[in-house]
Amino acid sequence: MSVIKQHEVYKNFYHIFHPLVAGKLSLLRQKQTDHKLFRELVHEITLLLGYEATQNLSTTDIEIETPMERCLSPFLAGPSPVILPILRAGVGMVDALLTLMPSAKVGHIGLFRNEKTLQPEGYYFKIPEDSDQRHFYVCDPMLATGGSAIRAVSTLKKHKVKSITFICVLAAPEGLKAFFEEHPDVTIYSASLDRSLNSKGYICPGLGDAGDRMFGTL
Ligand code: PRP
Ligand code: URA
């Protein structure tokens with residue numbers, strides 16, 4: 001059985017079904033999970049999501065010598081990718097992606113949701129100068145209304161970035177719809193597609209405020 005399921009409507013949305021991801025996600029959702037365990041679980045889930053999300057990285061064959069003989073063997077090719085966490089909670093996914101792609105660069109985008117309007121407000125943006133040549137992995141555990149993800153990807157496109165993957169832990173149907181209306185060309189990998197948003201824009205069943213749970217600022 002495949003551990004990765006393509007959404008029937010949104011062909012660029014991939015839901016990872018794997019017993020390890022599912023079990024870790026259940027622990028992550030539980031309200032008694034403290035910030036230390038929460039960070040560890042986000043790290044472990046991101047390793048598993050990242051493995052799938054990086055399947056299209058290109059390789060080139062280079063001749064190597066094993067103790068037995070010479071042979072052609074694949075190495076990662078092209079300019080190293082950029083990991084772009086959406087501050088704050090996306091920071092908790094960076095180390096796992098760097099473990100998978102040690103030579104990746106890391107940009108940052110600072111966004112927070114205005115609690116009244118639910119619109120993202122930006123406060124920081126920094127990416128490498130030659131970003132138009134690189135693939136970006138944007139990461140944030142939560143895609144709720146989709147506002148933050150849409151803003152992050154729109155900002156990258158304004159800077160001529162052409163190739164983007166978004167990795168999240170939870171997505172809401174409302175956010176997916178909004179995201180793909182704006183950015184149908186971007187691929188999303190997620191550990192879950194939850195039921196819906198509540199009246200305050202929180203994902204249900206969800207896991208609460210990801211940044212607060214990750215950094216212990218509840
Ligand atoms: C959370 C989360 C996402 C955003 C998702 O961050 O980490 O960035 O909300 O919601 P959306 O899809 O409706 O935009 P938040 O704005 O709470 O900022 P923080 O990480 O600084 O707490
Ligand atoms: N941001 C979060 O951290 N959690 C939600 O459920 C929605 C937005």
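**Exercise 1. The second largest pocket**

Find which residues lie nearest the centre of the second largest pocket in this predicted model, and work out which elements help to line it.

*Solution.* Start with the centre: N56, L57, S58, H135 and Y137 are the residues nearest to it, out of a lining of 23 residues. Next, add the volume, which is about 380 Å³. Now look at the elements. Strand 9 (135-139), strand 11 (163-171) and strand 12 (187-193) each supply at least two residues of this lining. Strand 11 gives the most, with three residues. Finally, sort the lining by class: twelve residues are nonpolar, ten are polar and one is charged.

**Exercise 2. The largest pocket**

Describe the largest pocket by its volume, its centre and the classes of residue in its lining.

*Solution.* Take the volume to begin with: the largest pocket holds about 660 Å³ of space. Then go to the lining, which has 29 residues; F112, R113, S148, Y202 and D209 lie nearest the centre. Several elements give two or more residues to this lining: strand 5 (82-87), strand 7 (108-113), strand 10 (142-143), helix 4 and helix 6 (210-215). To finish, divide the lining by class, and you get 14 nonpolar, eight polar and seven charged residues.

**Exercise 3. Helix 1 and helix 2**

Are helix 1 and helix 2 roughly parallel or roughly antiparallel?

*Solution.* A short reminder comes before the numbers. Two packed helices are described by the angle between their axes and the distance between those axes. Here, the axes of helix 1 (residues 19-29) and helix 2 (residues 35-53) come within 10 Å and cross at roughly 155°. An angle over 145 degrees counts as roughly antiparallel. Helix 1 and helix 2 are therefore roughly antiparallel to each other. The crossing of helix 1 with helix 2 is left-handed. As a last step, pick out the residues that meet: L20, V21, K24, L25, L27 and L28 on the helix 1 side, and F38, L41, V42, E44, I45 and L48 on the helix 2 side. By class, this contact has ten nonpolar, no polar and two charged residues.

**Exercise 4. Helix 4 and helix 5**

Now try another pair: how do helix 4 and helix 5 cross, and which residues meet?

*Solution.* Read off the geometry: the axes of helix 4 (residues 147-158) and helix 5 (residues 173-182) come within 9 Å and cross at roughly 20°. That crossing angle makes helix 4 roughly parallel to helix 5. The hand of the crossing is the next step, and helix 4 passes helix 5 in a right-handed one. In the contact, A149, I150 and V153 of helix 4 meet A178, F179 and E182 of helix 5. Sorting these residues gives five nonpolar, no polar and one charged.

**Exercise 5. Special spots in the backbone**

Locate the cis peptide bonds at L87–R88 and C204–P205, and the positive phi values of L118 and K160.

*Solution.* Take the cis bonds one at a time. L87 and R88 are joined by a cis peptide bond, with omega about 0°, and R88 sits in the loop between strand 5 and helix 3 (94-100). From C204 to P205 the peptide bond is also cis, with omega near 0°; P205 is in the loop between strand 14 (203-204) and helix 6.

Then turn to phi. L118 is not a glycine, yet its phi is positive, near 65°. You will find L118 in the loop between strand 7 and strand 8 (120-126). K160, also not a glycine, has a positive phi of about 70°, and K160 lies in the loop between helix 4 and strand 11.

Terms used. Residues are numbered from 1 along each chain as its sequence is written. Chains are lettered from A and ligands numbered from 1 in the order in which they are written. This is a predicted model: local features need pLDDT of at least 70, side-chain atom pairs count only at pLDDT 80 or more; totals for chains, interfaces and linings use all residues. Side-chain values use heavy atoms; hydrogens and water are left out. Axes are lines fitted to C-alpha atoms, for helices over the stretch in contact, and angles run from 0 to 180 degrees between N-to-C directions. Helices (H or I, at least four residues) and strands (E, at least two) are DSSP runs, numbered from the N terminus. Angles under 35 degrees count as roughly parallel, over 145 as roughly antiparallel, 65 to 115 as roughly perpendicular and the rest as oblique. A crossing is left-handed if the near helix is turned anticlockwise from the far one by less than a right angle, and right-handed if clockwise. Contact means heavy atoms within 4.5 Å. Ala, Val, Leu, Ile, Met, Phe, Trp, Tyr, Cys and Pro count as nonpolar, Asp, Glu, Lys and Arg as charged, and the others, Gly among them, as polar. On a 1 Å grid over the protein atoms alone, a cavity is a set of points where a 1.4 Å probe fits but cannot get out, and a pocket is an open set with protein on both sides within 12 Å along at least five of seven lines; lining residues have an atom within 4 Å of a point. Grid points are joined across faces, edges and corners, and a volume is the space filled by probe spheres set on the points.
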